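Dear colleague,

I am passing on to you the structure that follows, together with some notes on what I found in it. Please keep it open while you read, since the notes move from one part of the chain to the next.

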Amino acid sequence: YYIVIESDAFWTGTGKKLRTTFAHMVSRSNLTENSYVRKGDLIGYVGNTGESDGYHLHFAVYQTTDESDCWERSHNSINPQVLYPNVPFTGDLSSQS
């Protein structure tokens, strides 16, 4: 289970909106398409779905594309630390490209 949230704001210099993805949730989100969310709103619970190896949050940030079904492509991804520079990275780096 996952949810994709698209921002109302445009990413500086690109003219594209940002989409954040929250994946491997324990169940379907109670939000519906075209719902608005604000800081602090509950969007779902961390889970272990989709062939994962344990409970975790798969958080990803992407730029919008012209392809409506393209929500996760490497050439559209953005390092979340660009958006949140004061949040330290404490995990391991992936060996996959």
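In this model, which is a predicted one, Ile3 stands opposite Phe22, a residue of strand 2. That pairing belongs to a longer arrangement, in which strand 1, covering residues 2-10, and strand 2, covering residues 17-23, run antiparallel and are joined over 6 bridges. Between these two strands the hairpin has 6 residues, and within it Gly13 takes a positive phi near 85°.

Strand 2 also pairs with strand 3, again in the antiparallel sense and over 6 bridges, and here Phe22 stands opposite Phe59 of strand 3. Strand 3 (58-63) is in turn joined by 2 bridges to strand 4, made of residues 77-78, and these two strands run antiparallel as well. If you would like a residue pair by which to find that last pairing, Val61 has Ile78 in strand 4 as its bridge partner.

Phe22 deserves a second look, because the structure holds 1 aromatic pair and the rings of Phe22 and Phe59 form it, with centres 5.3 Å apart and planes at 50°, so that the pair is tilted. The pair links distant parts of the chain, given that Phe22 in strand 2 and Phe59 in strand 3 are 37 residues apart. As for their surroundings, Phe22 counts as buried because its relative accessible area is 16%, whereas Phe59, at 29% relative accessibility, counts as partly exposed.

Which side chains meet in a salt bridge? Those of Arg19 and Glu6 do, with a distance of 2.8 Å from N to O, and the count of salt bridges comes to 1. Arg19 lies in strand 2 and Glu6 in strand 1, so the pair ties together parts that are 13 residues apart in sequence. Of the two partners, Arg19 counts as buried, at 16% relative accessibility, while Glu6 is partly exposed, with a relative accessible area of 39%.

Ala23 is another residue of strand 2, and you may wish to ask whether Ala23 is buried or exposed. At 10% relative accessibility Ala23 counts as buried, because the cut-off for that class is under 20%. Leaving aside its neighbours within four places in sequence, Ala23 is in contact with Tyr1, Tyr2, His56, Leu57 and His58. With one of these, Tyr2, the separation of the C-alpha atoms is 4.1 Å, although Ala23 and Tyr2 are 21 residues apart along the chain.

Finally, there is the surface to consider, where Val26, Leu42, Tyr45, Val46, Tyr55 and Leu57 make a nonpolar patch of about 640 Å². One member of this patch, Tyr55, is found in the loop between strand 2 and strand 3, and Tyr55 counts as exposed because its relative accessibility is 60%, which is over the 50% that the class requires. Leu57, which is also part of the patch, appears among the contacts of Ala23 described above.

With kind regards

How values were computed: Residues numbered from 1 in each chain as written. Predicted model: local features only at pLDDT ≥ 70, side-chain atom pairs only at ≥ 80, totals over all residues. Heavy atoms only, no water. Pairing = 2+ DSSP bridges. Helix = DSSP H or I, 4+ residues; strand = E, 2+ residues; numbered from the N terminus. Patch = residues over 30% accessible without salt bridge, like charges linked within 9 Å, V, L, I, M, F, W, Y side chains within 5 Å. Areas by Shrake-Rupley, 256 points an atom, 1.4 Å probe, with all protein chains shown as cover. Salt bridge = Lys/Arg side-chain N within 4 Å of Asp/Glu carboxyl O. Buried < 20%, exposed > 50% of the residue type's maximum accessible area, 1.4 Å probe, protein only. Phe/Tyr/Trp six-rings, centres within 6.5 Å; stacked < 30°, edge-to-face > 60°. Contact = heavy atoms within 4.5 Å.
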